[in-house]
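Q: I am new to this structure. How should I go about reading it?
A: Take one feature at a time, starting from the record and then turning to the atoms.

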Amino acid sequence: MPKIVDHDVRRREIVEVVWRLIADEGIQAVTTRRIAEVSGASNGALRYYFPSKEAALTAAFEHIVAATNRRADRADPDRHGLGGLRTLCLEIMPLDAERLAEARLAINFWQQALNSPDKATLYAGITAGWRTEMVAHLNEARSDGDLPAHLDLITVADELVSMLMGLQIEATLAPTVATAQRQLAQLDDFMRRLAG
């Protein structure tokens, strides 16, 4: 009797292998042969799920973004105001080994996106989604009386996204500088300044 394969589960397993390989070994070390070797899939089976290494990288990037959003939902499913904003930021920030590995993959993805309009569009869409959530939480905080009326909330969200992406780079390349403690201090100082 032929083996029944749940293709969605198998695809997720391969994506997990890809993102871990990129995070641990760097994108240059990740070949279709290496992915097949670690995932236990043949090259032919691998091509069924991902026609190229670039397609696998994109899927891995989407996977870590979805993981970030799921963590934020688990941490606070009813995110609201400044507390909700902080929860989202904490899940994006590379504060532990898991999120640092995600940051390494994100940096590799950004490098690929420099020469790929499709990947750049994907990145822009993801950060646009985070900005939209951030602005919504900032509006809630303003309605709650926690923020001054004069703040340009779109600019605040832009600054916050830039800071979070910068922390991913800093924690990856200068981990003795961007420690979890210093990252948290930077976020908390940003939030205090917002409240004026």
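**Reading the features**

A: UniProt, in an unreviewed entry, places the feature "DNA-binding region" at residues 31–50. The model shown here is predicted.

Q: How much of the span of residues 31–50 is helix, and how far apart are its end C-alpha atoms?
A: Helix makes up 75% of residues 31–50 and strand 0%. The C-alpha atoms at the two ends of this span lie 12 Å apart.

Q: Which residues does the annotation "domain: HTH tetR-type" cover?
A: According to the unreviewed UniProt entry, that annotation covers residues 8–68. Over residues 8–68 the chain is 80% helix and 0% strand, with the end C-alpha atoms 20 Å apart.

Q: How many helices and strands are there in the protein?
A: The protein has nine helices and zero strands. Read from the N terminus, its elements run α-α-α-α-α-α-α-α-α. The C-alpha atoms fill a box of roughly 65 × 40 × 30 Å, taken along the principal axes.

Q: How do I read a pair of helices? Take α4 and α5: at what angle do they pack?
A: Look at the angle, then at the distance between the axes, then at the residues that meet. Helix α4 (residues 53–75) and helix α5 (residues 81–92) pack at an angle of about 140°, and their axes are 9 Å apart. That angle makes α4 oblique to α5, because only angles over 145 degrees count as roughly antiparallel. The crossing of α4 past α5 is right-handed.

Q: Which residues of α4 and α5 meet?
A: On the α4 side they are T68, N69, R71, A72 and A75, and on the α5 side T87, L88, E91 and I92. The residues of this contact divide into four nonpolar, three polar and two charged.

Q: How are α5 and α7 set against each other, and at what angle do their axes cross?
A: The axes of α5 and α7 cross at roughly 155° and come within 7 Å. α5 is therefore roughly antiparallel to α7. From α5, the residues G81, L82, G84, L85, L88 and I92 meet W130, E133, M134, H137, L138, E140 and A141 of α7. The contact of α5 with α7 divides into eight nonpolar, three polar and two charged residues. L88 and I92 of α5 appear in this contact and also in the contact with α4.

Q: What about α6 and α7: at what angle do their axes cross?
A: Helix α6 (residues 97–113) and helix α7 (residues 117–143) have axes that cross at roughly 130° and come within 7 Å. α6 and α7 are therefore oblique to each other. F109, W110, Q112 and A113 of α6 make the contact with K119, A120, L122 and Y123 of α7. Six of the residues in this contact are nonpolar, one is polar and one is charged.

Q: How do I read a pair of aromatic rings, and how many aromatic pairs are there?
A: Such a pair is described by the distance of the centres and the angle of the planes. Here the count comes to two aromatic pairs. In one of them, the rings of F61 and F109 have centres 3.9 Å apart and planes at 0°, so the pair is stacked. F61 lies in helix α4 and F109 in helix α6, so the pair ties together parts that are 48 residues apart in sequence.

Definitions and conventions. Residues are numbered from 1 along each chain as its sequence is written. This is a predicted model: local features need pLDDT of at least 70, side-chain atom pairs count only at pLDDT 80 or more; totals for chains, interfaces and linings use all residues. Side-chain values use heavy atoms; hydrogens and water are left out. Axes are lines fitted to C-alpha atoms, for helices over the stretch in contact, and angles run from 0 to 180 degrees between N-to-C directions. Helices (H or I, at least four residues) and strands (E, at least two) are DSSP runs, numbered from the N terminus. Angles under 35 degrees count as roughly parallel, over 145 as roughly antiparallel, 65 to 115 as roughly perpendicular and the rest as oblique. Contact means heavy atoms within 4.5 Å. Ala, Val, Leu, Ile, Met, Phe, Trp, Tyr, Cys and Pro count as nonpolar, Asp, Glu, Lys and Arg as charged, and the others, Gly among them, as polar. A crossing is left-handed if the near helix is turned anticlockwise from the far one by less than a right angle, and right-handed if clockwise. UniProt positions are given in the numbering used here, feature names are shortened, and annotations may be inferred rather than shown by experiment. Rings of Phe, Tyr and Trp (its six-membered ring) pair if their centres lie within 6.5 Å; planes under 30 degrees apart count as stacked, over 60 as edge-to-face and the rest as tilted.
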